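Welcome to a short tour of a protein model, written with the bench in mind. Have the coordinates open beside you, and follow along at your own pace.

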Amino acid sequence: MTPKTPKNTLCLWYDGTALEAAEFYARTFPDSHVGPICRAPADFPSGKAGSVLTVQFSVMGIPCLGLNGGPGFPPTQAFSFQVATEDQAETDRLWDALLSSGGRPSACGWCQDRWGVHWQITPRVLSEGISDPDPAVARRVFLAMMDMVKIDIATIEAARRG
């Protein structure tokens, strides 16, 4: 029996590597798993009969569908997963996992995995600092973040204190 497809699912387009990406996400992020795999019943523009067409998976509880649609639509930074981290160890672990598997750093806590999917590894202290009711605190935290690639929590906390 096939599990019921969630009512709302994010569909991520891959160039033949959806299963590989789903397995990486399941190993890397808590509350993530790989679900049913659908193999193509016939040849299609970017694959052959029997190859992985789609894979259902979740990333931190978010239902996703990886579609092996070919090279036509690479991911952009207009869509990203934002991951709220609790401490520097969790921030470092996730950041390092994404980059060590072939990803690339960006700025302000953003990075891109080897499949082109964008991620924001965002410590909660950063989000709290930027939304602080004291505009001077929010400004200091924001300006500190603007100079970072990976977020450094000790620097953010120092900026909050002034």
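A residue is called buried when its relative accessible area is under 20%, exposed when that value is over 50%, and partly exposed in between. With that cut-off in hand, Cys-108 is easy to place: its relative accessibility is 18%, so this cysteine counts as buried. Please keep in mind that the model is a predicted one.

**Overall layout**

The protein has five helices and eight strands. Read from the N terminus, the elements follow the order β-α-β-β-β-β-α-β-β-β-α-α-α. Taken along the principal axes, the box filled by the C-alpha atoms is roughly 60 × 30 × 25 Å. Of the 162 residues, 38% are buried.

For a feel of distances, take Leu-99, a residue of helix α2 (residues 88-100). Its relative accessible area of 23% makes Leu-99 partly exposed. The C-alpha atom of Leu-99 is separated by 34 Å from that of Lys-4, and the two residues are 95 apart along the chain.

**Strands and their partners**

Which strands form the open sheet, and in what order? Four strands take part, ordered β1-β4-β3-β2, and their pairing is mixed. β1 and β2 are the edge strands, each pairing on one side only. On average, neighbouring strands of this sheet are turned by 20° against each other, ignoring direction.

In general, the strands of a sheet pair through backbone hydrogen bonds, and they can do so in parallel or antiparallel fashion. Both arrangements can be found here. β2 and strand β3 (residues 52-59) run antiparallel and are joined by five bridges. Ile-37, for one, has Val-55 in β3 as its bridge partner. β5 and β8, on the other hand, run parallel and are joined by six bridges. Here Ser-80 stands opposite His-118 of β8. That serine belongs to the uncovered face of β5, together with Gln-82 and Ala-84, while Phe-81, Val-83 and Thr-85 make up the covered face.

**Aromatic contacts**

How many aromatic pairs does a search of the whole structure find? The count is nine. One of them is the edge-to-face pair of Trp-13 and Phe-73, with 4.9 Å from centre to centre and 80° between the planes. Because Trp-13 sits in strand β1 (residues 10-14) and Phe-73 in the loop between β4 (62-68) and β5 (80-85), this pair ties together parts that lie 60 residues apart in sequence. Trp-13 has a relative accessibility of 29% and counts as partly exposed, whereas Phe-73 reaches 55% and counts as exposed.

Phe-29 and Trp-119 make a stacked pair, with centres 4.6 Å apart and 10° between the planes. This pair also links distant parts of the chain, 90 residues apart: Phe-29 is in the loop between α1 (18-28) and β2 (33-39), and Trp-119 is in strand β8 (residues 118-123). Both Phe-29 and Trp-119 are buried. They belong to one aromatic cluster whose other members are Phe-24, Tyr-25, Phe-57, Phe-79, Phe-81 and Trp-115.

**The largest pocket**

The volume of the largest pocket is about 170 Å³. Its lining includes both rings of the edge-to-face pair, Trp-13 and Phe-73, and also Phe-79 from the aromatic cluster. Leu-10, Cys-11 and Leu-12 are among the lining residues too, as are Pro-74, Pro-75, Thr-76, Gly-116, Val-117 and His-118. Which element gives the largest share of this lining? That is β1, with four residues. By type, the lining divides into nine nonpolar and three polar residues, with no charged ones.

**Two positive phi angles**

Most residues other than glycine have a negative phi. Two residues with a positive value are set side by side here.

| Residue | Phi | Location | Relative accessible area |
|---|---|---|---|
| Asp-31 | near 55° | loop between α1 and β2 | 58%, exposed |
| Cys-108 | near 55° | loop between β6 (104-105) and β7 (110-112) | 18%, buried |

Buried or exposed, then, for Asp-31? With a relative accessible area of 58%, Asp-31 is over the 50% cut-off and so is exposed. Cys-108, at 18%, is under the 20% cut-off and therefore counts as buried.

Key: Residues are numbered from 1 along each chain as its sequence is written. This is a predicted model: local features need pLDDT of at least 70, side-chain atom pairs count only at pLDDT 80 or more; totals for chains, interfaces and linings use all residues. Side-chain values use heavy atoms; hydrogens and water are left out. Rings of Phe, Tyr and Trp (its six-membered ring) pair if their centres lie within 6.5 Å; planes under 30 degrees apart count as stacked, over 60 as edge-to-face and the rest as tilted. Helices (H or I, at least four residues) and strands (E, at least two) are DSSP runs, numbered from the N terminus. Buried means under 20% relative accessible area, exposed over 50%, partly exposed in between (1.4 Å probe, protein chains only). On a 1 Å grid over the protein atoms alone, a cavity is a set of points where a 1.4 Å probe fits but cannot get out, and a pocket is an open set with protein on both sides within 12 Å along at least five of seven lines; lining residues have an atom within 4 Å of a point. Grid points are joined across faces, edges and corners, and a volume is the space filled by probe spheres set on the points. Ala, Val, Leu, Ile, Met, Phe, Trp, Tyr, Cys and Pro count as nonpolar, Asp, Glu, Lys and Arg as charged, and the others, Gly among them, as polar. Two strands pair if DSSP finds at least two bridges between them. Axes are lines fitted to C-alpha atoms, for helices over the stretch in contact, and angles run from 0 to 180 degrees between N-to-C directions.
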